Amino acid sequence: ERSSSSGSPAAEALRARVRRLYGRAMGELRSGSRRSGISLLEEACRLDASDAHSWLALGKAYSESGEGERSRAAFEAGLGHCPESVHLAHAAGVASRRSGDDSRARRYFETALKVEPSNVYARHSLSEMAQAAGDVDGALRWLEGGDSAPLVVARWELALGSGRASAAEAVEALLAAAAAFA
């Protein structure tokens, strides 16, 4: 829970200050002033460590600056302060995977699923990891856990491409899914 959500005047003033810093940081980053934007986001995170948006933006800014380890560290620090943030858990997983640490990535993607079991991004990431390891059945299992259109399409695309389903089965399943989503 946010430390600044108490509604007290001091908490509201802090929240407003953090929002202004975040806005200024986004402007700096859009204009190409990465160092300045990063500095503002670091300050926002120091002022309100429970602000998941600032942690996400900081990690992304580090990543776009080619600072992969700092990016991952920012996502992890943010997740430490905001353990219910699916977005931070997924971002930490992506950053870990980019750095070659698949076991850490898997833990973060699974953390995202503990918070939100049907999370499309975490399920897709885990499926990709299973596919990369040659585990098509495992990849399909990760895609079965969600009922969103992208997961249904990805599941049947993989099942068809791997020979786990016939074209007729895939078409029938996709038509049924389309009718369910309509």
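These are my notebook entries on what I looked up in this structure.

**Entry 1: the whole chain**

I began by noting that the model is predicted, and I then turned to the chain as a whole. I counted ten helices and zero strands in the secondary structure of the protein chain, and reading from the N terminus I found the order α-α-α-α-α-α-α-α-α-α. For the extent of the chain I looked at the C-alpha atoms, which fill a box of roughly 60 × 35 × 30 Å along the principal axes. Of the 182 residues of the protein chain, I noted that 41% count as buried. I also looked up the contacts between residues at least 6 apart in sequence, and of these 43% join residues at least 24 apart.

**Entry 2: S50**

I went next to S50, which I found in the loop that lies between α2 (34-47) and α3 (52-64). Is S50 buried or exposed? Its relative accessible area is 12%, and because the cut-off for buried is under 20%, I entered S50 as buried. I then checked the side chain of S50 for a partner, and I recorded a polar contact with the side chain of D48 at 2.6 Å.

**Entry 3: α5 against α6**

I looked up how helix α5 (residues 86-98) lies against helix α6 (residues 102-115), and found that their axes come within 7 Å and cross at roughly 165°. That angle makes α5 roughly antiparallel to α6, since angles over 145 degrees count as such. The crossing in which α5 passes α6 is left-handed.

Which residues meet here? From α5 I listed V86, A89, H90, A92, G93, V94, S96 and R97, and from α6 I listed D102, R104, A105, Y108, F109, T111, A112 and V115. Sorting the residues of this contact by kind, I arrived at nine nonpolar, four polar and three charged.

I stayed with V94 of helix α5 for a moment, and found it partly exposed, with a relative accessible area of 24%. V94 and N119 are 25 residues apart in sequence, and I read 14 Å between their C-alpha atoms.

**Entry 4: α6 against α7**

I followed α6 on to its contact with α7, where the two axes come within 9 Å and cross at roughly 150°. I therefore wrote down α6 and α7 as roughly antiparallel to each other, and their crossing as left-handed. On the α6 side I found D102, A105, R106, F109, E110, A112 and L113 making the contact, and on the α7 side A122, R123, S125, L126 and M129. The residues of this contact divide into seven nonpolar, one polar and four charged.

**Entry 5: α8 and its cover**

Which residues of helix α8 (residues 136-144) are buried? I found V136, G138, A139, L140 and L143. I then asked what covers the buried residues of α8, and I noted that the cover includes α7 (120-132) and α9 (149-161).

**Entry 6: V171**

My last stop was V171, which is found in helix α10 (residues 167-181). I recorded V171 as partly exposed, because its relative accessible area is 47% and the range for that label runs between 20% and 50%. I also compared its place with that of S103: V171 and S103 are 68 residues apart in sequence, and from C-alpha to C-alpha they are 35 Å apart in space.

Definitions and conventions
Residues are numbered from 1 along each chain as its sequence is written. This is a predicted model: local features need pLDDT of at least 70, side-chain atom pairs count only at pLDDT 80 or more; totals for chains, interfaces and linings use all residues. Side-chain values use heavy atoms; hydrogens and water are left out. Helices (H or I, at least four residues) and strands (E, at least two) are DSSP runs, numbered from the N terminus. Buried means under 20% relative accessible area, exposed over 50%, partly exposed in between (1.4 Å probe, protein chains only). A polar contact is a pair of N or O atoms within 3.5 Å; within protein, one must be able to donate a hydrogen and the other to accept it, and residues adjacent in sequence count only if both atoms are side-chain atoms. Axes are lines fitted to C-alpha atoms, for helices over the stretch in contact, and angles run from 0 to 180 degrees between N-to-C directions. Angles under 35 degrees count as roughly parallel, over 145 as roughly antiparallel, 65 to 115 as roughly perpendicular and the rest as oblique. A crossing is left-handed if the near helix is turned anticlockwise from the far one by less than a right angle, and right-handed if clockwise. Contact means heavy atoms within 4.5 Å. Ala, Val, Leu, Ile, Met, Phe, Trp, Tyr, Cys and Pro count as nonpolar, Asp, Glu, Lys and Arg as charged, and the others, Gly among them, as polar.
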